[in-house]
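Me: Please pick one part of this protein and go through it closely, then show how the rest connects to it. I am a first-year student, and I would like each term given with its cut-offs.

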Amino acid sequence: MGRFLSPHLARLARAFASETTSFWREHEYGSKTCGFFSYVHDLTLEPVNAMDIVAADVRAVAARAFPEAATARWCEWWAHRRPHESGHQMHFDSHDEGLNGIKHPICSPVVFVDGSCGGPTLVTNQTDSRAALATRGWLVYPKSGRVATFDGNYLHGVIPGRDEDAPEDPETRRVTVMFSFWRDMETHETWQP
């Protein structure tokens with residue numbers, strides 16, 4: 001675990017913290033027609049936008065626990081903005097939802113942009129290649145600026161927030177930006193910023 005550099009956390013907060021920011025509006029996040037989407041950055045190229053810079057900084061934090069992340073070619077990222085009582089199903093991070101064989105990232109960092117509400121992220125040591133269930137689990141509680149990095153092959157999800165911990169303002173959201181670092185991956189050129 002680590003803390004994220006404050007100038008970049010502030011940049012992420014401006015981009016993702018409010019439901020009125022262009023990111024959420026343009027992607028129609030929260031609508032019934034909005035499915036999963038993510039973005040991929042080629043880390044071998046010179047940074048050309050803010051997310052390229054943030055991805056490089058998150059990679060430096062992740063490489064403390066997973067040195068191989070420092071040599072990753074690709075960074076995939078996506079974001080969530082969820083109410084306190086909303087969890088996220090248990091899942092494995094995988095390329096293309098496991099089509100044509102399951103490939104996992106080197107590691108998967110979670111950046112808590114706004115950790116003022118919501119339940120903890122649960123990371124287990126269960127892998128998709130093991131027949132046995134998990135023998136260990138870790139809870140990472142939301143805290144703004146916290147970066148939690150775990151093995152990209154591990155089963156994980158988000159536990160819903162408890163009623164007694166609910167924020168006073170019901171509009172408060174748990175905002176996270178997730179990253180995955182990959183040695184290689186097939187990319188799809190569907191949209192350019």
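Reply: A salt bridge is a side-chain nitrogen of Lys or Arg within 4 Å of a carboxyl oxygen of Asp or Glu. This is a predicted model, in which local features need pLDDT of at least 70 and side-chain atom pairs count only at pLDDT 80 or more, while totals for chains, interfaces and linings use all residues. Residues are numbered from 1 along each chain as its sequence is written, and side-chain values use heavy atoms, with hydrogens and water left out.

The part chosen is the pair Arg183 and Glu68, which form a salt bridge with their closest N and O atoms 2.4 Å apart. Arg183 lies in the segment after S10 and Glu68 in the loop between H3 and S3, so the pair ties together parts that are 115 residues apart in sequence. The H and S labels refer to helices (DSSP runs of H or I, at least four residues) and strands (runs of E, at least two), numbered from the N terminus. Arg183 is partly exposed at 47% relative accessibility, and Glu68 is partly exposed too, at 38%. Here buried means under 20% relative accessible area, exposed over 50%, and partly exposed in between (1.4 Å probe, protein chains only).

The structure holds five salt bridges. Glu171 and Arg173 form one of them, at 3.9 Å from N to O. In that pair, Glu171 is partly exposed at 46%, whereas Arg173 is buried at 16%. Glu164 and Arg162 form another, at 3.5 Å from N to O, and Glu164 is exposed, with a relative accessible area of 60%. Arg162 and Glu164 also belong, with Asp165, to a network of salt bridges.

Next come the elements around the chosen pair, starting with H3. Helix H3 covers residues 50-62, which is 13 residues. Its span from first to last C-alpha is 18 Å, close to the 18 Å expected at 1.5 Å a residue, where the expected span is 1.5 Å times one less than the number of residues. Asn49 caps the N-terminal end of H3, with a side-chain oxygen 3.1 Å from the backbone nitrogen of Met51. Among the buried residues of H3 are Met51, Val54, Ala55 and Val58.

Those four residues of H3 all appear in the list of residues that Phe179 touches. That list, which leaves out residues up to four places away in sequence, also includes Cys75, Trp77, Trp78, Cys107 and Val111. To touch, or be in contact, means to have heavy atoms within 4.5 Å.

Phe179 is also among the residues with the most contacts inside the largest nonpolar core, which has 28 residues; Leu12, Phe16, Trp77, Val111, Val177 and Phe181 are the others. The elements that give two or more residues to this core are helix H1 (6-16), helix H2 (22-27), H3, S3, strand S5 (107-114) and strand S10 (173-182). H3 supplies the largest share, six residues. Apart from this core lies another, of eight residues, among them Val110, Phe112, Ala148 and Met178. A nonpolar core is a set of buried Ala, Val, Leu, Ile, Met, Phe, Trp, Tyr and Cys residues joined through side-chain atoms within 4.5 Å.

Cys107 is buried, with a relative accessible area of 0%. Its sulfur is 9.3 Å from the closest cysteine sulfur, in Cys75, which is too far for a bond. The structure holds zero disulfides, a disulfide being a pair of cysteine sulfur atoms within 2.5 Å.

Strand S3 (residues 74-83) contains His80, which is buried at 14%. Not counting residues up to four places away in sequence, His80 touches Trp24, Tyr29 and His88, and also Arg174, Val175, Thr176 and Met178.

Arg174 comes up again with Gly118, found in the loop between S5 and strand S6 (121-127). The C-alpha atoms of Gly118 and Arg174 are 5.5 Å apart, although 56 residues separate the two along the chain. Gly118 is buried at 15% relative accessibility. Leaving aside neighbours within four places in sequence, Gly118 is in contact with His84, Pro142 and Gly161 as well as Arg174.

For the protein as a whole, there are three helices and 10 strands. Buried residues make up 45% of its 193 residues. Of the contacts with a separation of 6 or more, 81% are between residues 24 or more positions apart.

Technical notes:
A polar contact is a pair of N or O atoms within 3.5 Å; within protein, one must be able to donate a hydrogen and the other to accept it, and residues adjacent in sequence count only if both atoms are side-chain atoms.
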